[in-house]
Each structure stands twice: as C-alpha cells, then as structure tokens.
Amino acid sequence: MTFELFIFYLFAAIMVFAAMRVITVTNPVFAAMFLVLTFFTAAGIWMLLEAEFLAITLVLVYVGAVMVLFLFVVMMLDVNVVPLREGFVQYLPMGILVGVVMFIEIVFLITQRYFRSENFPAPARAGADTSNTEALGRLLYGEYLFQFEIAAIILLVAIVAAIALTLRRRPDTKYQKPGQQIQVSKEDRLRIVSMESSKR
C-alpha cells in the first residue's frame, strides 16, 4: 500500500465517520461542526485527485460561507430539536428503503465487470504547468455550456421559490407599499391650520 492510498483511506474513513455523526448527534451545533469536518476531508480527497480548485472552492464556499451562516441561524434561533425528533419513527421505514436501494446500487456498480478499473484506464497525470482551473473552465463553458446554463436556471428558480415560500405576512409587522407611497399627495400629509394670533 502506497502512502497516497493510505492517506486516501484515512480521509475516507474520517469523512464517513463525520457524515454519520452529522445525522446521529443530538446537538445541532455539533452536527454543523461534524459537517465542517466532512467538507474538509472531502477537500483533502480532492487535493489527492489533483483538483486543487474544487478543493479550495469547497472550503471557501461551504465552510467559509454556508456553514458560518448555518451556525449563526442555529445559534440565533435556538432551535428546539425535541419536536423535530418526535416524528422520526414514522419516516424510518422510508429511510431504510432508500438506504437499501442505494446500497444495492453501490454493490451493483462495484461488482459488475463493466465498471472495473481495467476497462477504464487511469488518465495520464498532468504536468506541473497544467492548470486544472483552466481545464475545468473550458469544460464548463465549452463542452457543457448548455447543461451549466440549465443548472443556473434551476438554482435561480429554487432561490425565487425559497423566497416566495418564506415570505409570510405577519400581523405584528409594519409593511410599506411603494404604490401607495407614490400616489400620496401633499394634502394627505400636510394640513395647514389657520389660527388667530394671541397676545399675552
């Protein structure tokens, strides 16, 4: 076993353990910390695959932005996990079914001779002057431009849908209506009262 393969197995074991702790730990802050560990180990595996750009993007975007935002939301809202775990048992059969199907698919892919490594020779290692960022950009904006644009549209629709679903009218909150503000005249806001002057 080479040192590179040993590091891969080590990172893979840490990532699987951290991913399991994300869904089994009771404290949501600890779950977020284990998710950060999962992201870091996944970035390490990508570094072994010579995908440095994807590794640093994973660390910067997910760990540096998404997980920090998630931690702020969890700590500020003080989420009560007891009601969330009360309905866990009713979803357990469906979760077991999905897990069994995924396990069967993984076993099928591993055991089939069409998916073995001898049928797919490993690509030649790139030179030191080769930029994987440039290669990734050429693939995304060249060969897979249409798929990239479709994914961007789907993400945009998801963002709009998330905003529309979370936009609730609360009775104790004051809202401004720009249309009514534009139609307001000075007579509606200003009232001139004529008063007689008085002497003391």
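**Helices, a nonpolar patch and a few side-chain pairs**

Colleague: Let's start with Ile-56: buried, partly exposed or exposed?
Modeller: Bear in mind that this is a predicted model. Ile-56 has a relative accessibility of 44%. Buried would need under 20% and exposed over 50%, so Ile-56 at 44% counts as partly exposed.

Colleague: Which helix does Ile-56 lie in, and which surface feature does it help make?
Modeller: Ile-56 belongs to helix H3. Alongside residues including Trp-46, Leu-49 and Tyr-62, Ile-56 makes up a surface patch of about 820 Å². So the helix is H3, and the feature is a nonpolar patch.

Colleague: How many residues does the helix with the largest share give to that nonpolar patch?
Modeller: The patch has Phe-53, Leu-54, Leu-60, Val-61 and Val-66 among its members. Helix H3, which spans residues 52-77, supplies the largest share. Its contribution is 7 residues.

Colleague: What about Phe-70: which residues does it touch, leaving out those up to four places away in sequence?
Modeller: Phe-70 sits in helix H3 and is partly exposed, at 39% relative accessible area. From Phe-70 to Pro-28 is 42 residues in sequence, but 9.9 Å in space from C-alpha to C-alpha. With residues up to four places away set aside, the ones Phe-70 touches are Pro-28 and Ala-32.

Colleague: The structure holds aromatic pairs. What is the angle between the planes of Phe-39 and Tyr-62?
Modeller: There are 4 aromatic pairs in the structure. Phe-39 and Tyr-62 form one that is tilted, with ring centres 5.3 Å apart. The pair bridges distant parts of the chain, from Phe-39 in helix H2 (residues 28-48) to Tyr-62 in helix H3, 23 residues apart. The angle between the planes is 45°.

Colleague: And how buried is each ring: which residue of that pair has a relative accessible area of 17%?
Modeller: Tyr-62 comes in at 41%, so that one is partly exposed. A residue at 17% is under the 20% cut-off and therefore counts as buried. The buried partner is Phe-39.

Colleague: Where's the salt bridge: which two side chains meet in it?
Modeller: Side chains of opposite charge can pair when their charged atoms come close. The count here comes to 1 salt bridge, with an N to O distance of 3.1 Å. Both partners lie in helix H6 (residues 132-143), 4 residues apart, or about one turn of the helix. They are Glu-134 and Arg-138.

Colleague: Of those two, which has a relative accessible area of 59%?
Modeller: Glu-134 has 45% relative accessibility, so it counts as partly exposed. At 59%, the other partner is over the 50% cut-off and therefore exposed. That residue is Arg-138.

Colleague: Stepping back, how many helices and strands are there?
Modeller: Reading along the sequence, the pattern is α-α-α-α-α-α-α-α-α. Of the protein's 200 residues, 12% count as buried. About 17,600 Å² is exposed, with 69% of it from carbon and sulfur atoms. The tally is 9 helices and 0 strands.

Colleague: Last one: which element has the lowest mean pLDDT?
Modeller: The protein averages a pLDDT of 80, and 82% of the residues score at least 70. Helix H1 (residues 3-24) has the highest mean of the elements, at 90. At the other end, with a mean of 63 over residues 81-86, is helix H4.

Key:
Residues numbered from 1 in each chain as written. Heavy atoms only, no water. Patch = residues over 30% accessible without salt bridge, like charges linked within 9 Å, V, L, I, M, F, W, Y side chains within 5 Å. Areas by Shrake-Rupley, 256 points an atom, 1.4 Å probe, with all protein chains shown as cover. Salt bridge = Lys/Arg side-chain N within 4 Å of Asp/Glu carboxyl O. Helix = DSSP H or I, 4+ residues; strand = E, 2+ residues; numbered from the N terminus. Buried < 20%, exposed > 50% of the residue type's maximum accessible area, 1.4 Å probe, protein only. Contact = heavy atoms within 4.5 Å. pLDDT = per-residue confidence, 0-100. Phe/Tyr/Trp six-rings, centres within 6.5 Å; stacked < 30°, edge-to-face > 60°.
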